[in-house]
Amino acid sequence: MVDIRLASEVPPFHIVADSTEPKHLVTPGSLITKETGFMRGHGTYMQDDCLYSSVAGVVERVNQLISVRPLKSRYHGEIGDVVIGRVTEVSQKRWKLDTNARLDSVLLLQSVNLPGGELRRRSAEDELAMRQYLKEGDLVSAEVQNIFNDGALSLHTRSMKYGKLSQGCLIKVSPSLIRRQKTHFHNLPCGASIIMGNNGFVWICPTLLDDGAGGFVQNLETVPHADRQAISRLRNCVTALAHCKMMIYDTSIMHAYDASVNAGFEIKDLLLPDKIKEIALMVRKQFEMEKE
Amino acid sequence: MAEILLSEAEKAFIHHGVQDDLRCDGRTRLDYRPIILETGLVSNASGSARLRLANSDILVGVKVELASPFPDKPKEGRLEFFVDCSANATPEFEGRGGEDLANEICRFLQRSYASGDTINLSELSVLTGQQCWVLYVDILILECGGNLYDAVSLAVKSALYATQIPSIKVATMDGDQPELELSDDPYDTKRLNTENIPCVVTLMKIGNHYLVDPTPEEECCSSSGIVVAVSGNKKITAVRKIGSGSLHPDSLVSMLKTGSEVGAVVNTILMKKLLEEETLEVSLKVGFMR
């Protein structure tokens with residue numbers, strides 16, 4: 001019922017990193033290089049002809065450009081990214097969404113599909129009916145179409161796989177932990193679906209058999225118990241991976257899920273600090289075994 | 001606390017989960033999230049404790065000082081609470097945003113400790129009518145992750161358990177003012193009996209069931225709840241209803257019963273852990289480095 005631990009009993013979290021290639025990690029104020037002739041990128045500053053880092057992260061070098069990619073930062077959008085956003089505002093002909101970026105992203109009325117898949121110019125009635133489709137608090141999966149001058153992202157849901165999200169569980173992790181993949185929508189074999197937004201929002205929901213009307217109709221029926229268990233377990237696995245700063249993608253999540261099932265952990269046990277560390281170590285071992 | 005927006009479908013998901021006794025993170029309705037506790041962090045204070053309940057982070061420091069007792073209670077010392085919601089905890093606490101919540105928690109703590117069953121204030125008396133110990137309990141909310149009342153009460157209980165009050169000898173001179181002699185040995189201290197100090201349990205009502213230790217998302221789905229202060233001997237010392245919704249008297253009674261049972265279990269486990277920590281070596285102190 002209650003688990004109280006002393007701080008000394010909690011195992012220290014060493015970053016369980018992918019030991020693929022050595023990374024040049026820097027902290028704010030640390031020296032990157034004394035050589036001149038390099039161009040300064042994001043996350044760096046010049047002082048006395050030396051290049052220093054201004055954020056905590058990994059040094060990236062592309063030819064003559066040196067930049068530092070921070071480990072934990074706000075989401076920096078690229079065109080084509082899949083994001084999950086929460087509607088914060090319904091304005092004239094657009095919705096404003098919170099996507100963990102520096103500015104609220106914009107979803108224009110002309111960038112969403114009309115019910116029934118009609119193709120026509122949006123009229124004044126469509127504008128008045130905006131709130132019936134998406135109101136404050138709704139979750140939407142979308143793709144980045146464009147980036148405005150001020151850095152705000154312009155999103156679109158012009159595909160059947162994007163749209164309003166129904167029942168499920170949202171987890172917020174750091175955007176740097178989400179790997180860029182070919183597809184961000186996965187139907188996992190354990191009975192749940194997962195959407196990994198590039199902005200760090202991970203959405204876990206029961207697998208939808210029928211794709212529905214592009215997300216206009218929300219299914220509010222009770223989710224079966226087995227699906228709910230799968231969703232809770234996945235949620236705890238993703239949180240455990242994020243806690244140990246491991247990359248989150250479908251393979252690592254499935255490894256963590258299988259490891260937790262094989263080790264016989266109860267779903268709520270995965271919240272305990274020592275079980276989190278065990279899961280991370282088991283996933284790492286699994287990756288090392290697969291490499292051989 | 002923090003204002004979270006949720007969609008209708010997410011709220012339905014949480015509602016059905018509560019009915020099914022399987023919350024989003026796999027806990028049952030009466031499970032707490034893991035708690036990490038440490039006492040003795042702040043060397044300047046007579047007693048201190050740091051408690052982490054998932055995202056909530058509470059730091060409590062207790063300072064003891066000599067003062068004159070209240071005229072109507074000459075044989076008792078007193079406890080003074082002060083809660084500070086740090087602006088780092090959550091964006092809502094920026095500027096004076098955290099003051100209301102801080103005052104609420106402070107007043108609830110004062111009410112829970114007011115009962116004679118909780119703490120024996122006559123232990124704090126030094127010289128009847130003239131001098132007594134005043135314990136200033138300062139609570140700092142470093143991070144807000146839901147369920148603040150519970151976390152604060154457990155942290156305060158741990159800090160009071162670890163508080164060391166210096167021994168004082170009263171040397172009476174004939175006819176003159178009595179002199180108080182503070183012992184030279186810094187380890188010559190006495191401790192309070194904290195067995196019956198109350199633990200607070202927050203119960204939020206969602207649908208027809210109630211939950212212990214709600215997350216911010218669950219708090220958003222619920223319209224009403226109660227905060228119950230349960231002392232060590234399963235007695236209820238203070239009750240407060242939170243939220244804008246209403247409660248049926250029958251559900252109120254069953255929530256109070258469950259609250260007192262859960263509170264008793266939390267109390268036992270906490271006392272066991274505090275006893276365990278006393279036997280640890282000083283070198284194992286972690287502090288804020290992790």
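Visitor: Which residues are linked with Asp3(A) in a network of salt bridges?
Guide: This is a predicted model, and in it several charged residues of chain A are joined in a network of salt bridges. One pair in it is Arg5(A) with Asp3(A), whose side chains meet at 3.0 Å, N to O. Besides Asp3(A), the network holds Arg5(A), Asp274(A) and Lys275(A).

Visitor: Is Arg5(A) buried or exposed?
Guide: A residue counts as buried under 20% relative accessible area. Its partner Asp3(A) has 23% and is therefore partly exposed. Arg5(A) has 15% relative accessibility, so the class for Arg5(A) is buried.

Visitor: How many salt bridges are there over all chains, and how many between chain B and chain A?
Guide: Side chains of opposite charge can pair when their charged atoms come close. Between chain B and chain A, one of the salt bridges is Glu10(B) with Arg86(A), at 2.9 Å from N to O. A search of the whole structure gives 22 over all chains, and the count between chain B and chain A is four.

Visitor: Which residue of chain A meets Lys273(B) in a salt bridge, and where does that residue lie?
Guide: The side chain of Lys273(B) meets that of Glu9(A) at 3.0 Å, N to O. The pair crosses between chains, and its Lys273(B) end is in helix α5 (residues 249–278) of chain B. The partner is Glu9(A), in the loop between β1 (4–6) and β2 of chain A.

Visitor: Which accessibility class does each of Lys273(B) and Glu9(A) fall into?
Guide: Lys273(B) has 11% relative accessibility, while Glu9(A) has 35%. The cut-off for buried is under 20%, and partly exposed runs from there up to 50%. Lys273(B) is therefore buried, and Glu9(A) is partly exposed.

Visitor: How far apart in sequence are the parts that Asp213(B) and Arg27(B) tie together?
Guide: The side chains of Asp213(B) and Arg27(B) meet in a salt bridge of 3.3 Å, N to O. Asp213(B) lies in the loop between β12 (209–212) and α4 (216–221) of chain B, and Arg27(B) in the loop between α1 (8–19) and β1 (35–39) of chain B. Both Asp213(B) and Arg27(B) are buried. The parts tied together by this pair are 186 residues apart in sequence.

Visitor: Which three residues supply more than any other three of the area that chain B buries against chain A?
Guide: Chain B has 40 residues in contact with 42 residues of chain A. The two chains bury about 3500 Å² between them, with 65% of it on carbon and sulfur atoms. Of the area that chain B buries against chain A, 17% comes from Leu5(B), Phe13(B) and Leu22(B).

Visitor: Which strands stand at the edges of the four-stranded open sheet in chain A?
Guide: The strand order is β2-β7-β8-β4, with mixed pairing. Each edge strand has a single partner, so one side of it is left without a neighbour in the sheet. The edge strands are β2 (25–26) and β4 (39–40) of chain A.

Visitor: What is the bridge partner of Val26(A) in β7(A)?
Guide: β2(A) pairs with strand β7 (residues 57–62) of chain A in the antiparallel sense, over two bridges. In β7(A), the residue bridged to Val26(A) is Gly57(A).

Visitor: How much of the span 25–62 of chain A is strand?
Guide: An unreviewed UniProt entry annotates residues 25–62 of chain A as "domain: Exosome complex component N-terminal". The end C-alpha atoms of this span lie 16 Å apart. Its helix content is 0%, and its strand content is 55%.

Visitor: Why is there no bond between the sulfur of Cys144(B) and that of Cys85(B)?
Guide: A disulfide needs the two sulfur atoms within 2.5 Å. By this rule the count over all chains is zero. In chain A, Cys205(A) is in no disulfide, and the nearest cysteine sulfur, that of Cys169(A), is 10 Å away. For Cys144(B), the closest cysteine sulfur is that of Cys85(B), which is too far for a bond at 7.7 Å.

Visitor: Which residues does Ser86(B) touch, leaving out those up to four places away in sequence?
Guide: Ser86(B) lies in the loop between β4 (78–85) and α2 (99–114) of chain B. At 12% relative accessibility, Ser86(B) counts as buried. The residues touched are Phe93(B), Leu140(B) and Ile141(B).

Note on methods: Residues numbered from 1 in each chain as written. Chains lettered and ligands numbered in written order. Predicted model: local features only at pLDDT ≥ 70, side-chain atom pairs only at ≥ 80, totals over all residues. Heavy atoms only, no water. Pairing = 2+ DSSP bridges. Buried < 20%, exposed > 50% of the residue type's maximum accessible area, 1.4 Å probe, protein only. Contact = heavy atoms within 4.5 Å. UniProt positions renumbered as here; feature names shortened; annotations may be inferred. Buried area = accessible area lost by both parts, 1.4 Å probe.
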